[in-house]
Amino acid sequence: MSAGSGDAAVGRPPELTVADFVASLNQVLDAAYPAVIVVGEVAEFNISQGKFAFFKLKDETATISCFMMAFKMTASLENGMKIRVLAVPKVRDASGFLSLNVAKYQPVGEGSIKKALELLKKKLLKEGLFDKSKKRPLPDDLQKIAVISSVDSAGYRDFIKILGDRAGGLEISVINTAVQGLNAPQEIMRALRVFNERAEADAVVIVRGGGSKDDLAAFNDEELARAIRASRLPVLVGVGHEVDESIADLVADVRASTPTHAAQLLTPRDKREVARGLVGMIEQMENIMLRSVRVVPNQIRERIEQKLYEVGRSLASAKAVLSELNPEKVLERGYAIISGKVKPGETLKITTKHNIISAKIEAIGKR
């Protein structure tokens, strides 16, 4: 058997130029790993020409080079910090080395998150982003609220429940976003931009319930902090538990310790307290009028008592009407309260006695 026929039998490997081989490797990488998330410790961190960031990610047994544009850095990096990167693996044409083109990253672990938070705090404090003189109070008469949150989260449900319990008639618009993970900051910023462009709300509220330091890392993002500070609408942030503090909290116009606290700040006057106050005032007026009758001369007392009786009946009717106007009474009779914009594509909030339902409008017809 000749050498040529042997090569044909086993299959001859392709003969490629170096450039073609690197291009082929990158095609395979693109198909297998269009994007990867890699966790490791930062080493050999360096910024070149103020434009390019180079560093390595390593663990106990392996190391890989990383590259990213410096303007994409959303948190300060130092050697020894543990981070999570979203990246695209590439083989470099010039060097032939495999590296990660990093698009986003977040610190991982309490130590690294704390260090990154300290560095970013120092930077933004120096720039004046925490300056209290630049913060705006919430409007006194809130009518429309824009909410950014994950509608499936417990924090959002708590916020909506307390808001509904304390105040009726508020118009609430919601954009559902991720509230943790590498994509969360960008999603929250997009929602904030939408609400600012619409300019239909009195304030924007960003809420998320408690979690670990890693879960809340999205709210320590520099780009998100700058977007909150640049918002034309006042921003209220209620993230995590009372002990948690994020960069988003520090730059917000108003900070709430929890989502529940955020709802309370938005509704300083509880509708139940207002109703109790009205009933109390009515009863106080009744008592004052009855006490006055006792000092009126006998000859006109009967006439006044008759008038007081009529006024008392009117007051009793008013109290009954107030009671029936209570939204909870309406819900107990099987009705529902619907709030939101009545337009195709918009999401309505439907409140029943036992549930809060979100429904998307597909079509609107004439009755």
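**Backbone angles, a serine and a parallel sheet**

Guide: In this predicted model, Glu 44 is exposed, with a relative accessibility of 54%.

Visitor: What cut-off makes Glu 44 count as exposed?

Guide: Exposed means over 50% relative accessible area, and Glu 44 has 54%, so it falls in that class.

Visitor: Where is Glu 44 placed?

Guide: Glu 44 belongs to strand β1, which covers residues 36-48.

Visitor: And what is its phi?

Guide: Phi of Glu 44 is positive, at about 55 degrees, although the residue is not a glycine. Most residues other than glycine have a negative phi.

Visitor: What about Gln 49, what is phi there?

Guide: Gln 49, a residue other than glycine, also has a positive phi, near 55 degrees. Gln 49 sits in the loop between β1 and β2, the latter being residues 52-58.

Visitor: Is Gln 49 buried or exposed?

Guide: Gln 49 is exposed, since its relative accessible area is 67%.

Visitor: Changing topic: where is Ser 153 found?

Guide: Ser 153 lies in the loop that links β6 (144-149) and α4 (154-166).

Visitor: Buried or exposed, that one?

Guide: Ser 153 is buried: its relative accessibility is 16%, and the class requires a value under 20%.

Visitor: Which backbone atom does the side chain of Ser 153 reach at 2.7 Å?

Guide: At that distance of 2.7 Å, the side chain of Ser 153 reaches the backbone oxygen of Ser 150. In addition, a polar atom of the Ser 153 side chain lies 3.2 Å from the backbone nitrogen of Tyr 156.

Visitor: On to the sheet: what is the order of its 5 strands?

Guide: The strands of this open sheet are ordered β7-β6-β8-β9-β10, and the pairing is parallel. Its edge strands are β7 (171-176) and β10 (254-256), each of which pairs on one side only.

Visitor: How many degrees are neighbouring strands turned against each other?

Guide: On average, neighbouring strands of this sheet are turned by 20 degrees against each other, with direction ignored.

Visitor: Over how many bridges do β6 and β8 pair?

Guide: Strands β6 and β8 (residues 203-208) pair over 4 bridges, in the parallel sense.

Visitor: Which residue stands opposite Ile 148?

Guide: Ile 206, in β8, stands opposite Ile 148.

Visitor: And which strands does helix α5 lie across?

Guide: Helix α5 (residues 184-198) lies across β6, β7, β8 and β9, where β9 is 235-239. The helix α5 runs at about 165 degrees to β6.

How values were computed. Residues numbered from 1 in each chain as written. Predicted model: local features only at pLDDT ≥ 70, side-chain atom pairs only at ≥ 80, totals over all residues. Heavy atoms only, no water. Helix = DSSP H or I, 4+ residues; strand = E, 2+ residues; numbered from the N terminus. Buried < 20%, exposed > 50% of the residue type's maximum accessible area, 1.4 Å probe, protein only. Polar contact = N/O pair within 3.5 Å; in protein donor to acceptor, adjacent residues only side chain to side chain. Pairing = 2+ DSSP bridges. Axes fitted to C-alpha atoms, helices over the stretch in contact; angles between N-to-C directions. Contact = heavy atoms within 4.5 Å.
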